[in-house]
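Work through the following exercises on aromatic rings with the structure open beside you, and try each task before reading its solution.

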Amino acid sequence: MTKLSVRWFRSSVLCGALVALHLAAFGVPAQSRDLRDYYHTAWSSESGLGSVFDIGQAQNGYLWLTTSKGVYRFDGVRFQSVGEVTNGAIKDGDVDSAFASPRGGVWFVTRSQGMLFWKDYKVTVFADRRCTPGRRPDGIAEDADGSLWFASSAGLFRLRQGVCERVPQSLGYSGGYPSAILMDRAGTLWLKMPSGDLLYLKRNAPKFQRNEAGYGPVAGFTYLHDAPDGAVWLTDGRGLRKVAGGASQDSSAIGPRSAQSGDRFGNFTFDRQGALWAATADGVEHFEHVSSMPIGATVSRASGVRFTTRQGFSSDAIWKLMVDREDNLWVVTNSGLDRLRRDIFSTVPLPASQNFQIGIAAGGQGSVWVGSRSLPLTHIAADGGFRSFPETVQSLMLQRDRHGDIWSSGKGRASLWKTEGERLAAVPFPGDATETGVELAVDKNDDLWFATTGPYVLHRTGMVWKNENATLGRKPGVMGTMGADDHGNVWFAFSNKLVEWDGEKFNRFEFPDGPLNISVATIAIHDGRVWMGGAGGILLFQGGEFHRVQWQDASLPGRVSGIVETPEGDLWVNGFSGVVHVPAGELRRLIADPNYAVAAERFDALDGLPGLAGERYPEPSLVRSPEGRLWFATTKEIAWIDPAELEKHRNRTPPPVAIDAAIANGRNYIGPSPLHFPAHIENLQFDYTALSLSLPERVRFRYMLEGIDNDWQSASTRRQAFYTNLQPGRYRFRVTACNNDGVWNDRGTYLDFVIDPAFYQTWWFRGLCALALAALLWMLLQMRIDRVTSQLQSRLAERSDERERIARELHDTLLQSLFGVMLQFHAIADRLSAENPARQVLSETLTRADAVMQEGRERVRNLRARQSDSGALIDALSTTGYELQALRPAKFQLQVKGRLRSLKADIQEEILLIGREALTNAFVHSQAQSIDVDVNFRLRRLVLEVRDDGVGIDESIRRAWGREGHWGLRGMRERANKMRARLEIRRVATGGTRVELAVPGRIAYAGQRGIVHRFWQSLRDGRA
């Protein structure tokens, strides 16, 4: 007793005991019958639920229970406390009771905070203690505008727009604590007062009025409820009665107040059909056709059908009854919670016996013939009355022929019997044979075919019996099966063939090779189709061909011992795994295409089927009566179903679907969509449910996480979905469900949620990583460039060394030898007289030789390494320009920009040669008036620019890099490529030509390396 108020609980139990004693003292014993057409489920207090005092169904379909252990929400499978449902927003120990609002949301009566309203994951507090119900759990009524009426211990109060107000006497309310309160479907408020008066206040009426039919003493608890037709019913000291109906039944027409009392009842309710369910001192009673009762007439217990603890009811101390939106009856008692659901199957009470191996044959007018190992042949009427025939026992073979006669075979003074009116007649059997039969048929000649346990197939023509085993080709030990169609043709099915007797001859049909041996145990013929069932499934024979029936559900149909195809086009199968139903539409598709896999439904104990069919005998275990009723024999009892009534009682209500919780890394998240989850969600679990309370065990689900699942995922009956290692982002989890009759709620529900990224999963972190990667790649590129540059410099150094060697060789050999020769010629010239013509010629030759000698020295000097002084480059270019200016008159100017830097000797020479070639072309070919040279020492590159204002270079020459046989421009390009420099030659729009050479600084400048090299060098220097 930790969850509910101790005082409230004690007073409730005491009142309940008084009600039970009161009902026991004044009640009239009802007929001792049980409700065989209802499936009963109980959740007892022993299972941890405790005593249950109140129940209500919320707008979204959940049940809310007030129990001795607290308030719980129930979806038909799982009980959840208030704390679980609200994720701790409302404390379990503070809640006394719950009231489910018809407009959505739930009201909670608490000890410390007054009334709490919980809706859409929000809690609203109404702290005025006057607006709380009294000790009764059903002391609240809600108006259409959302106002609450409270039957409070201090009187009648109303909570409207958040304000609590006492109902004034000016409304005609006499004051005091109402014994019962009801807001009916029309919006009329009803109050049963301790004085015995019944008051009602119509919507927008100025004051309460008195209902005369409702006058009566208050005994124990008093209850008010309205029926589906709008009538208002009351139970009090005068009994259970209707006090107000439609417009044609005005309660004001009731005469003077009567002191007549009827049977006493506790709480009550109505089902969808208008039948009355009422609590008594020893259970629940069910009353049909009460809507036609006049106002004021009390209900008599003698007309009801009782459900008591003898049928498994949890307790006879009943607090409340409620019918949910699917027409299930819920009963709350001192010992738990009970549910009554109408079964699909109805059962037939058999005479006391050990009922197993039950044979059946359909009689007329809803009757059935039954026999078993321990039961003589018995005829059970539609009203449950029966007549046994003790002259034949163990009547396992029962058969209705095409004329409607019933045949049976069993032990007794005869082996074969036939009904003749109300009597049983023995049928002569061949010789003194005592074998009992297993199958029987009457052909179109009215000849009898009889299969025995021998096994023999006997054919009686007139009074002569003949064994047809050899004619049929029946092998020893093969049982097979036999049946007749409506035209009197008799069919025999064996393991490898099907034989038809058409009244004149046998027609044989051999099974084709393949997996068609199903161990045939039963046969049914309808409209030219032969259905054969056995341990291996079902075969269909039509149009001279055999087909094995395929099923969408691979577990169907199991071992088959009975088949019926109804005139409506449905196929019914009874077997060791339950009853299987193939709807007419599916059967038509199968008949049109025998390879089609049919969809079917299975019924079992949850649908009221008592036990399962036997695997073989007696057979068939399923028969159809002339009026359309299907009879099923099981290992326990006989059950029947009316297919037409079945369709009327289908559950057509799509189940509301709800997502109860999302559990991320073990933490429960409850709240409105969208939910926000932190980073690093490794395990994500969704708990969902569907509010189909008739058969929650058969509710099927499918779900999909958009962005992850490409299609719906079938969850069968599982109510959880799991995902792992989801990436950050936005998601939507969707779930749909279908009820026990396959009605889908296609809309379902969804939950949006967001998984936050970790810092390393954010866009800015990824951007930084991309930048870092780009920087790394750039550094690697720079390292590669530095390496290539180093290799280039190494090759240039080797080239320089080679040039030095060649220069030395030329100087030490050729020039020295030439110099010696010239000295000899000078000596000869000095010996000749000045007037000698030879001296003049020799002097001119020596002058020319001096020039050649000078040019040779210049070339040798050029082969040697140049000084890496940038001034040498500037001087050389300037000297070249002025020398050319002397040959071709033009204005020449050289300008230096930037800080002078030391140049690598080999690079300086290449730049000088390119510059000389550009100047020579400008002076010789451009016809320019002005020629300018700019040498720009930039930080990252050295730029040499030569401009003129002449006629400009021919475009074809520029594109071809020179004329045929001329190599100046091509040489310039080759030298630039060797330095990895950029060389541009273009014609200026204003006239003239522009030559630009850009050499990277790391290549041109002496001592300069790439940034990566300098970075690592600085690190090494720092460590040093």
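A charge counts as sitting over a ring if NZ of Lys or CZ of Arg is within 6 Å of the ring centre and within 35 degrees of the ring normal. Please keep in mind that the model is predicted.

**Exercise 1.** Find which residue lies over the face of W712, and which one lies over the face of W640.

*Solution.* Begin with W712, where R702 lies over the face of the ring at 5.6 Å from its centre. Then turn to W640, whose face is covered by R629 at 3.5 Å from the ring centre.

**Exercise 2.** Classify the pair formed by the rings of F677 and F753, and say where its two members lie.

*Solution.* First take the geometry: the ring centres of F677 and F753 are 5.4 Å apart and the planes stand at 40°, so the pair is tilted. Next locate the residues: F677 belongs to strand β60 (residues 675-677) and F753 to strand β66 (residues 744-755), so the pair ties together parts that are 76 residues apart in sequence. Finally, consider the surroundings, where both F677 and F753 turn out to be buried.

**Exercise 3.** Do the same for Y723 and F733.

*Solution.* The ring centres of Y723 and F733 are 6.5 Å apart with the planes at 80°, so this pair is edge-to-face. Y723 lies in strand β64 (residues 720-724) and F733 in strand β65 (residues 729-738), so the pair links parts that are 10 residues apart in sequence. Y723 and F733 are both buried.

**Exercise 4.** Place these pairs in a wider setting: how many aromatic pairs does the whole structure hold?

*Solution.* A search of the whole structure gives 49 aromatic pairs. One aromatic cluster includes F677, F753, Y723 and F733, with Y669 and F686 also among its members.

Conventions. Residues numbered from 1 in each chain as written. Predicted model: local features only at pLDDT ≥ 70, side-chain atom pairs only at ≥ 80, totals over all residues. Heavy atoms only, no water. Phe/Tyr/Trp six-rings, centres within 6.5 Å; stacked < 30°, edge-to-face > 60°. Helix = DSSP H or I, 4+ residues; strand = E, 2+ residues; numbered from the N terminus. Buried < 20%, exposed > 50% of the residue type's maximum accessible area, 1.4 Å probe, protein only.
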